[in-house]
Amino acid sequence: MQIQSSKISDHNQRHKTQHNADLSYIYDRIEKKGLDPEEILQKVGDFQVAIPSWALGTGGTRFGRFPSGGEPRNLEEKIEDVGLLHALNRSSGAISLHIPWDIPKDYIAVSNLAKSLGLKFDAVNSNTFQDQLNQGLSYKFGSLCHTDASIRKQAVDHNKEVIDHGIKIGSKSITVWLSDGSNFPGQQNFRKALSHTLDSLREIYDHLPDDWQMFVEYKPFEPNFYSTVIPDWGTSFLLSSKLGLKAYSLVDLGHHLPNTNIEQIVATLMGEHKLGGFHFNDSKFADDDLTVGAIKPYQLFLIFNELIYGMEGENEGDPPIAWMIDASHNVKDPLEDLLQSVEAIKLSYAQALLVDRDKLEETRENNDVVAAQEILQDAYRTDVRALLTEARIRNAAAYDPVGLFRTLKLRERLMKERGSKTIATGL
Ligand code: LRH
Ligand code: MN
């Protein structure tokens, strides 16, 4: 399913007057700050977020799953759904695949379909947190860390296969998240588990093409509830530093214990040139995988404040950071949820671009704490939504993506096309 461009231009035309009023407000605010609205608009327009292939259907918890209907039944329909998102916001220009949930049957056809929708393939994800039907040995007690060398080998081979799939579709990075850990004191030898994991990651690292990256994703708990082999940024940084220049840490916002200062972790990893990418989502308690910006929007702004400090400064020469969403939708329409998440990410980026960095540095050097907060919160409290809207309209996308998704009854059309009981592979 594709959206006729006339539907989008008619929609935008209907909102032209209101939009122009909103736009002149923000242009005026930005110029008063001595900043160039066009320069910021260009950066906002160019900012693309990768959509997770495993979040195009409704997710669930162990307590239940409530499918929304019209979910994609295969990889091609997942790519089409990301194509719909990209047509509506021209900001979802990539898809991140999870293997084996999304093994392409026809690499050429899948690549051509993605290209025809203006999509690239971001990081591919391995999966040694589940046992597949045709799998010889179980990952019940771990994978890359396992006490049994043949199980470690099976997991290493899987990750190499994931890289090979990625090469065939033009991806340039692999994300390795390990559920490996233990549920009880005494169950695991922490030292052996970590050294096995490092040795196994090194074998996978050596399989990377020269222009590839490996993202080491950390998580404090779940599915193991006593220890996780890679629980925090420090362990991920340790491993990615020992592995080499192609290895980086990946920050999943939901993978932090309550009240963790994630923006400080971002600053530290960037300072070491080891921040590779993000899994954006939001959370109240744990790895809730909620809509980005739904719970802690100020934290997201503060994270982008640190990101821009690096991107426009000491990290200018670094490889581009991988901007990816990792969310799960229990009660929202998956596509509406993803549209809201992309919007929230770009809002925080745009707000952070309004921070007067030189003035902020000055207040910090003078320990003028009040003035520092005033500078940050003035940017955070600036309504930049019209800037994002203008960037969309200039890229032939929709004034109101969620609004148009509903007006065009896209979910209803997907349900008619695919059925109301279809369930997408994924979490
Ligand atoms: C683990 C995780 C990881 C994915 C999975 C779907 O919680 O964040 O990034 O492999 O979710
Ligand atoms: Mn993740």
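Which residues are the closest to ligand 1? I opened the predicted model with this question and found twelve residues surrounding ligand 1, of which His-98, Glu-217, Lys-219, Asp-252 and Asp-326 are the closest.

**Entry 1: the shell of ligand 1.** I sorted the shell by class and noted four nonpolar, three polar and five charged residues around ligand 1. I then looked up individual polar atoms: a polar side-chain atom of His-98 lies 2.8 Å from an oxygen atom of ligand 1, one of Lys-219 lies 2.9 Å from an oxygen atom of the ligand, and one of Asp-287 lies 3.0 Å from an oxygen atom of the ligand. For the cover as a whole, I noted that ligand 1 taken alone exposes 300 Å², and that the protein buries 97% of that area.

**Entry 2: the manganese ion.** I turned next to ligand 2, the manganese ion, and recorded that Glu-217 (OE), Asp-252 (OD), His-279 (ND1) and Asp-326 (OD) coordinate this ion at 2.1 to 2.2 Å. Glu-217, Asp-252 and Asp-326 had already come up in my list of the closest residues to ligand 1. What geometry does the site of the manganese ion have? I noted an octahedral site, with six donor atoms and angles of 72 to 167° among them. Along the sequence, I wrote the spacing of the donor residues as E-x34-D-x26-H-x46-D. I also placed two of these donors in the fold: His-279 lies in strand E12 (residues 275-280), while Asp-326 lies in the loop between strand E13 (322-325) and helix H11 (334-353), so the pair ties together parts that are 47 residues apart in sequence.

**Entry 3: His-279 and Asp-326.** Are these two donors buried or exposed? I found His-279 buried because its relative accessible area is 1%, against a cut-off of under 20% for that word; Asp-326 is also buried, with a relative accessible area of 11%. I further noted for His-279 that a polar contact of 3.2 Å joins its side chain to that of Glu-217, which is itself a donor to the manganese ion.

**Entry 4: a residue in helix H11.** I finally checked Ala-350, which is found in helix H11, the helix that follows the loop holding Asp-326. Ala-350 is buried, with a relative accessible area of 0%. For a long-range distance I took Ala-350 and Tyr-205, which are 145 residues apart along the chain, and recorded a separation of 35 Å between their C-alpha atoms.

Key
Residues numbered from 1 in each chain as written. Chains lettered and ligands numbered in written order. Predicted model: local features only at pLDDT ≥ 70, side-chain atom pairs only at ≥ 80, totals over all residues. Heavy atoms only, no water. Donors = N, O, S within 2.8 Å, 3.2 Å for Na, K, Ca; no water. Tetrahedral: all angles 85-135°; square planar, octahedral: opposite > 155°, others 65-115°. Helix = DSSP H or I, 4+ residues; strand = E, 2+ residues; numbered from the N terminus. Buried < 20%, exposed > 50% of the residue type's maximum accessible area, 1.4 Å probe, protein only. Near = heavy atom within 4 Å. Polar contact = N/O pair within 3.5 Å; in protein donor to acceptor, adjacent residues only side chain to side chain. Areas by Shrake-Rupley, 256 points an atom, 1.4 Å probe, with all protein chains shown as cover. Nonpolar A, V, L, I, M, F, W, Y, C, P; charged D, E, K, R; others polar.
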